[in-house]
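User: I'm new to reading protein structures. Could you walk me through this one with a few questions?

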2 protein chains.
Amino acid sequence: MKNSQVSTAVIRRLPRYYRYLTDLSIAGVLKISSKALADKMGVTASQIRQDLNCFGGFGQQGYGYNVELLRQEIGAILGVDKNYNAVLIGVGNLGHAIANHVKFEKRGIKLVGIFDIDEKLMGQEIKGIKVKHISELDEFCKEYQPKIAVLTLAKAETEKMMKQLCDLGVIGFWNFANMELKAPSDDITVVNVHLGDSLMTLCYDIKDKI
Amino acid sequence: MKNSQVSTAVIRRLPRYYRYLTDLSIAGVLKISSKALADKMGVTASQIRQDLNCFGGFGQQGYGYNVELLRQEIGAILGVDKNYNAVLIGVGNLGHAIANHVKFEKRGIKLVGIFDIDEKLMGQEIKGIKVKHISELDEFCKEYQPKIAVLTLAKAETEKMMKQLCDLGVIGFWNFANMELKAPSDDITVVNVHLGDSLMTLCYDIKDKI
DNA sequence: AAAATAAAGTGATTTTTTTTACAAAAAGTA
DNA sequence: TACTTTTTGTAAAAAAAATCACTTTATTTT
């Protein structure tokens, strides 16, 4: 695997390739050409080859790519094989939905704990996980060593929660509060999800179609 | 306003500018320089100016940009001033969360109808809107003329629903099913939201920080 | 009022990304 | 086995995006 500063444009395309290859693999498809993959992904065959060659030559001339092998390689690049533990903090509407809707397992992530401040939610079960009170977080993290935290709390509480989790060893934050959460250091990664942004680009696109 | 084929890279940045300018405006800030805005957005001042000049010169040399004016201009570019009606189909965990969490009004969108197939959900109120049965959709659309549909249904039902809504005049689809929904024609825009993709880039980023 | 400072707008340059084009390798076929 | 087709990997070219650098226009200060 080559690597050495791959552009984020490439990295952003990989999850889509990975998803499609997973579908193919499940469907029992053995091989695929860059052309066929490109058509499905809505990009050029050349781009697919260029993207993959950032990491190594996974294909075979005259044959194409072995679906399952390529799937595993991309998975390894993205870190799907790492099996990180994750916690989710904030069982509102959104937290509840994320826990249920996002296929963490498919991405090599194990959601091991769900926490909230609200006492009334304790004991409730989501995806087979009992909701715990935030006061149990420290002890829990010492045991399970989660590396990723999904933050689905109110703006006001989000930053404080990140700090606490950083001290407990969490290094990746997937933040859904409507704010720009900043990583406190280079060792920490924050991904801010702004659902509304993609809605606005949708608005832009339909503007002159009306 | 210039326009004439602005790159998607530019368009994708606008919602972030818009969000921040809204915050500033609410805070009562009157002016901002490209440098100050750039620092907050994590881009260069030159890029901010370049981006804005795709649409026109909204600033003033020696002064900067008027916050509220720039906010409105970007809003107009994105179509926030259009006040589209929208419907949401599928009141599962996710549909429920999207309806509550996403600030449609802030983006010039009015969520006017929420629909589901499940009879048991009828009458339930979300954000002051009574959930209606899918059988009422046709009549409803004829009256309210929604241009945007938020699809939070199962994969299997999503495509069929899009077709039905297309016939009813919907031209923008915000799809949350884990699939690549394709626009049936160039007059229709589909934005597929794959929450998991950003989680995978997060995994990639923390891979060598561990 | 003149000088100094601030900051947008913009053409030119640089960098990055994407596409093209083709040689090399493998697979299929006669 | 030789020939044809397929398809990758990659160097080179083209296109796109981002940055630099400078001009112009305000504003502020002396």
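User: Okay, which residues of α1(A) are buried?

Analyst: Keep in mind that this is a predicted model. Helix α1 of chain A runs over residues 8-26. Its buried residues are A:Val10, A:Ile11, A:Arg13, A:Leu14, A:Pro15, A:Tyr17, A:Tyr18, A:Arg19, A:Tyr20, A:Leu21, A:Thr22 and A:Leu24.

User: What covers the buried residues of α1(A)?

Analyst: Part of the cover comes from chain A itself, including β1 (31-32), α2 (34-41), α3 (45-53) and α4 (67-78). Chain B helps out too, and its element on the list is α8 (195-206).

User: How far does helix α1 of chain A reach from its first C-alpha to its last?

Analyst: Start with the count: this helix has 19 residues. At 1.5 Å a residue you'd expect 27 Å. The model comes close to that, with a reach of 28 Å.

User: Now the DNA. Which element gives the most to the surface near DNA strand D?

Analyst: Several elements each supply at least two residues there: α3, β2 (59-60) and β3 (64-66) of chain A, plus α3 (45-53) of chain B. The one that gives the most, with 4 residues, is α3(B).

User: How do the residues of that surface near DNA strand D divide into nonpolar, polar and charged?

Analyst: There are 24 residues around the strand, and among those that come nearest are A:Ser34, A:Asn53 and B:Gln50. Sugar and phosphate make up 63% of the strand's atoms that come within 4 Å of the protein. As for the residues, they split into 3 nonpolar, 17 polar and 4 charged.

User: Which residue puts a polar side-chain atom 2.8 Å from a base nitrogen of DNA strand D?

Analyst: Let's sort the contacts by what they touch. A:Tyr65 has a polar side-chain atom 2.8 Å from a phosphate oxygen, while A:Gly62 has a backbone N or O atom 3.1 Å from a base oxygen. The residue with a side-chain atom by a base nitrogen is A:Arg49.

User: Why does A:Ile89 count as buried?

Analyst: A:Ile89 sits in strand β4 (residues 84-89) of chain A. Its contacts beyond its sequence neighbours include A:Phe115, A:Ile134, A:Val150 and A:Met161. The cut-off for buried is under 20% relative accessible area, and A:Ile89 counts as buried because its relative accessibility is 0%.

User: How far apart in space are A:Ile89 and A:Leu151?

Analyst: These two are in contact, although 62 residues separate them in sequence. From C-alpha to C-alpha, the distance is 5.2 Å.

Key: Residues numbered from 1 in each chain as written. Chains lettered and ligands numbered in written order. Predicted model: local features only at pLDDT ≥ 70, side-chain atom pairs only at ≥ 80, totals over all residues. Heavy atoms only, no water. Expected span 1.5 Å × (residues − 1). Buried < 20%, exposed > 50% of the residue type's maximum accessible area, 1.4 Å probe, protein only. Contact = heavy atoms within 4.5 Å. Near = heavy atom within 4 Å. Polar contact = N/O pair within 3.5 Å; in protein donor to acceptor, adjacent residues only side chain to side chain. Nonpolar A, V, L, I, M, F, W, Y, C, P; charged D, E, K, R; others polar. Lists of a residue's contacts leave out its neighbours within four places in sequence.
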